[in-house]
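Work through the exercises below with the model open. Try each task before reading its solution.

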Amino acid sequence: MYTCLLVIDVQEGVNHPTYYGTSRSNPSFESNTSKLLAAFRAADSSKHQAFTIIHVHHHSRFPDSPLHLTNNPAGVAAMACSKPEGDELILIKNVNSAFVGTGLEDVLKSRGVTRLVIVGLATQNTISTTVRMAKCLGVTDTVDPATGEVVEGELILVEDGVAAFNAGKYDAQTVQDVHVEALRDEYARIMSTEEVISAIRLW
């Protein structure tokens, strides 16, 4: 079983003080992202490429966006906690879903990924959209050649490896909690950073 860590939209522009919201949940997001990347890189080195890392970055179509490549090139850069290393793939998207216009589905299939671990920003839009689409597309599923039956792969959302922004009258933590719970079980297995790092030893 091949496992992929998918790191989505962890970019400097998302730190804009007001564009996405005025407050954000999960102050441990950056440190947890760093821990997960380090664990996956170590696992990839020791387990003969059974692990892979893919980064998806957003280049907005809107000129006033902090993630617009031409008008805010510094904003599209990866945060310090998530800078790609070596031959880690970087895909560029222009909409919320990491699967639209990126070729991500084909990449996962070509690499034989059957377990997808998702982290990034922000929970209520890009993360939720990507998790739901991954499930609907069956990107981690395979077909048993002997029976022709679909063998379901595994989608994992790292609940403290994602973060949400406040929305209207709802504070950031409430937005985070509601969206994670809406994805639990039906769309993804919910795990913590430490649970994922511990599980890597068995994967």
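**Exercise 1. The strands around E4**

Find how many bridges join E1 to E4, and which way the two strands run.

*Solution.* Start with E1 and E4: 7 bridges join them, and they run parallel. Two strands pair if DSSP finds at least two bridges between them. Strands (E, at least two residues) and helices (H or I, at least four) are DSSP runs, numbered from the N terminus. Now pick one bridge: Leu 5 has Val 117 of E4 as its partner. Go on to E7: 6 bridges join E4 to E7, again running parallel. Here Arg 115 has Glu 154 of E7 as its bridge partner. Last, check burial, where buried means under 20% relative accessible area, exposed over 50%, and partly exposed in between (1.4 Å probe, protein chains only). In E4, 9 of the 9 residues are buried, so the strand is largely enclosed by the rest of the structure.

Two ground rules apply throughout. This is a predicted model, in which local features need pLDDT of at least 70 and side-chain atom pairs count only at pLDDT 80 or more, while totals for chains, interfaces and linings use all residues. Residues are numbered from 1 along each chain as its sequence is written, and side-chain values use heavy atoms, with hydrogens and water left out.

**Exercise 2. Helix H3**

Compare the span of H3 with its expected value, then list its buried residues and what covers them.

*Solution.* First, the span. H3 covers residues 123-137, which is 15 residues. Its first and last C-alpha atoms are 19 Å apart, close to the 21 Å expected at 1.5 Å a residue. The expected span is 1.5 Å times one less than the number of residues.

Second, the buried residues. They are Thr 123, Gln 124, Thr 126, Ile 127, Ser 128, Thr 130, Val 131 and Ala 134. Recall that an α-helix has 3.6 residues a turn, so residues three or four places apart point the same way.

Third, the cover. It includes E1, strand E3 (89-93), strand E4 (113-121), E7 and H4. Contact means heavy atoms within 4.5 Å.

Finally, look just past the end of H3: Gly 138 takes a positive phi of about 65 degrees.

**Exercise 3. Salt bridges**

Count the salt bridges, then say which parts of the chain the pairs of Lys 135 and Arg 189 tie together.

*Solution.* Apply the rule: a side-chain nitrogen of Lys or Arg within 4 Å of a carboxyl oxygen of Asp or Glu. The count comes to 10.

- Lys 135 and Glu 152 meet at 2.3 Å, N to O. Lys 135 lies in H3 and Glu 152 in the loop between strand E6 (150-151) and E7, so the pair ties together parts 17 residues apart in sequence. Lys 135 is partly exposed at 29%, whereas Glu 152 is exposed at 54%.
- Arg 189 pairs with Glu 154, with the closest N and O atoms 2.8 Å apart. Arg 189 is in strand E8 (residues 189-191) and Glu 154 in E7, so parts 35 residues apart in sequence are tied together. Arg 189 is partly exposed at 41%. Glu 154 counts as buried at 19%.
- Shared partners join Arg 41, Glu 85 and Glu 88 into one network.

**Exercise 4. Aromatic pairs**

Find the aromatic pairs and trace the cluster that holds Tyr 20.

*Solution.* Rings of Phe, Tyr and Trp (its six-membered ring) pair if their centres lie within 6.5 Å; planes under 30 degrees apart count as stacked, over 60 as edge-to-face and the rest as tilted. The whole structure holds 3 such pairs. Among them, Tyr 19 and Tyr 20 are edge-to-face, at 4.9 Å centre to centre and 70 degrees between the planes. Tyr 20 and Phe 165 are tilted, at 6.0 Å and 35 degrees. This second pair links distant parts of the chain, 145 residues apart: Tyr 20 is in the loop between E1 and H1, and Phe 165 in the loop between strand E7 (154-163) and helix H4 (172-183). Tyr 19, Tyr 20 and Phe 165 thus form a cluster through ring pairs. Now check accessibility. Tyr 19 is partly exposed at 35%, as is Tyr 20 at 25%. Phe 165 is buried at 5%.
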